[in-house]
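Grab a pencil and work through these short exercises. Each one comes with a worked solution, so try it yourself before reading on.

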Amino acid sequence: MSNINILWVDDEIDLLKPHILFLEQKNYKVTTCKSGMEALEAIAENVFDIVFLDENMPGLTGIETLSEIKSKRNDLPVVMITKSEEEYIMEEAIGSKIADYLIKPVNPNQILLSLKKNLDHSRLVSEKTTSNYQQEFRKIAMDMAMVNSYEEWAELYQKLIHWELQLEDIEDASMFEILESQKNEANIQFGKFIDKNYPDWFDDDDAPVMSHTLFKKKIVPVLKEKQPTLMVVIDNLRFDQWKAFEPVVLNYYKKESEVPFYSILPTATQYARNAIFSGLMPSEMERMYPHLWKNDTDEGGKNLHEAEFLETQLRRLGLRDLKYEYHKISNLKAGKKLVENFKTLKDNDLTVVVYNFVDMLSHSKTEMEVVKELASNDKAYRSLTLSWFKNSPLLEMIQMAQDLGLKLIITTDHGTINVKNPSKVIGDRDTSLNLRYKTGRSLTYEDKDVLVAKDPKTIHLPSITMSSSFIFAKSDLFFAYPNNYNHYVSYYRNTYQHGGVSLEEMIVPFVVLNPK
């Protein structure tokens, strides 16, 4: 360790000579002062990395000196050294943001430990995180070879996200590359698992909770507790994005449960979100409510009837007397308006708010170069989501919901994936436009790249024509037509898309929280 400048402030500094010599032998540079005033002058004239500050000094006290230091250099770590363990002194010091405190008499090792903790913290954390992930890497690789149930896949995906969030703050790019390759491999294996098992989930009592069963299996039990509930459906919210802003929510709420559920295929809003609100699969919606359902090739908005779908589901579930409201927020103005009227919702048993922000962000990422720059990878995408959430009307709603004592549910309809590699597809002009799934007649595609439903009925999807099929892109692929291929590929590569088969799109959060 070298080039670290320490300022040590103590009115009895001469008694600390052995400590100072010890630090100098370790290549630290130590400047000494005998009073608070001297210290402030030294800080004005020199750059220090850390200050050791005696709490009990004549003249300007340690606490007063600390306050002055922080007003001039808020980023400078200050370690308070005190004879007293009186609570009010500790509270004063901690309230003034000390980096650490030591009780006299201090020994050299305590000083060294405090220096390492405050100045070497990021390197030590980085090394520890890297070493822990290296150990876990082997375990994840072994687990991946053995995973054979939807519960195990959800667990493995959460483990990968945990390490992604741990590694994102360290400087070791090679570790991140290893994790990326592990995520890619996981998605390849997950695609095979879905290909083999997904059609059976519709006739299996042991199937995962999916979009169309979410309300019945997860939300109705919450409503039976008779506590007014705010349910927020944030469109396009991936599990890692939830984890990015979870700490902000936990300032106001404590978690009761967090269980991921599986989005249906296609992992697209018109299918997955309508399935949540109707409690039905798309083929059933088309059959039972032809006036409310629209297929891919139909003109007009595809999610205009969620409120009606919700009403029909509540009736089917015997919840006719439930007092509820449904609100869809698709711009800042609508969000602010709901905040203004939020207190009127306190008498509802259930208030549903669909918040379209993440969907708008991912779409604008495709269409706007500036957002492409801001969200160039998953880490940046999470950061952008967190920044939006902290400044959004949604956070205000959550704060007001806490004040009103509302239970809180946070969930989504599906996630998104950053697409990297094109897969050629050919279809007629009636083929749907989504980049991660296609439905239409006479589709030509690369077999290895897709999950195919030749008969959509097998996975409860509507057929647009008698011979229509569905194909879903696996891993991080996106569909591209051969004509104008290069332009298309360069435009859509490294954009966030949804509709296909990946851990990011299919395994999504469902969180129940209670007000603090």
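**Exercise 1.** Leaving aside its neighbours within four places in sequence, find the residues that Ile-471 is in contact with, then decide whether Ile-471 is buried or exposed.

*Solution.* Keep in mind that this is a predicted model.
- Step one: locate the residue. Ile-471 sits in strand E17, which covers residues 469–473.
- Step two: list its partners, skipping anything within four places in sequence. Ile-471 is in contact with Val-425, Arg-436, Tyr-437, Lys-438, Leu-443, Tyr-445, Val-450, Leu-451, Val-452 and Phe-479.
- Step three: check the accessibility. Ile-471 counts as buried because its relative accessibility is 0%, and the cut-off for buried is under 20%.
- Step four: try a long-range pair. Ile-103 lies 368 residues from Ile-471 along the chain, and their C-alpha atoms are 67 Å apart.

**Exercise 2.** Work out which residues of helix H13 are buried and what covers them.

*Solution.*
- Step one: go through H13, residues 306–316, and pick out the buried ones: Glu-306, Phe-309, Leu-310, Thr-312, Gln-313 and Leu-314.
- Step two: look at what packs over them. The cover includes the helices H9, H11 (269–278) and H12 (282–288), along with strands E9 (324–329) and E10 (350–355).
- Step three: look just past the helix. Right after H13 comes Gly-318, with a positive phi of about 75°.

**Exercise 3.** Place Asp-200, say how exposed it is, and name the patch it belongs to.

*Solution.*
- Step one: find the loop. Asp-200 is in the stretch linking helix H8 (173–197) to helix H9 (211–223).
- Step two: classify it. Asp-200 has a relative accessible area of 47%, so it is partly exposed.
- Step three: gather the patch. Asp-200 joins Glu-151, Glu-152, Glu-155, Asp-203, Asp-204, Asp-205 and Asp-206 in a negative surface patch.

**Exercise 4.** Now zoom out: how many helices and strands does the protein chain have, and what do its overall numbers look like?

*Solution.*
- Step one: count the elements. The chain has 20 helices and 21 strands.
- Step two: box it in. Along the principal axes, the C-alpha atoms fill roughly 95 × 55 × 40 Å.
- Step three: check burial. Of the 516 residues, 54% count as buried.
- Step four: look at the surface. The accessible surface is about 23900 Å², with 50% of it belonging to carbon and sulfur atoms.
- Step five: sort the contacts. Taking those between residues at least 6 apart in sequence, 73% join residues at least 24 apart.
- Step six: tally the charges. There are 61 positive and 77 negative ones, and their mean positions lie 4 Å apart.

Conventions
Residues are numbered from 1 along each chain as its sequence is written. This is a predicted model: local features need pLDDT of at least 70, side-chain atom pairs count only at pLDDT 80 or more; totals for chains, interfaces and linings use all residues. Side-chain values use heavy atoms; hydrogens and water are left out. Patches are made of residues with over 30% relative accessible area and no salt bridge: like charges are joined within 9 Å, nonpolar side chains (Val, Leu, Ile, Met, Phe, Trp, Tyr) within 5 Å. Accessible areas come from the Shrake-Rupley method with a 1.4 Å probe; for residues, only the protein chains shown count as cover. A salt bridge is a side-chain nitrogen of Lys or Arg within 4 Å of a carboxyl oxygen of Asp or Glu. Lys and Arg count as positive and Asp and Glu as negative; His and the chain ends are not counted. The place of a charge is taken as NZ of Lys, CZ of Arg, CG of Asp or CD of Glu. Helices (H or I, at least four residues) and strands (E, at least two) are DSSP runs, numbered from the N terminus. Buried means under 20% relative accessible area, exposed over 50%, partly exposed in between (1.4 Å probe, protein chains only). Contact means heavy atoms within 4.5 Å.
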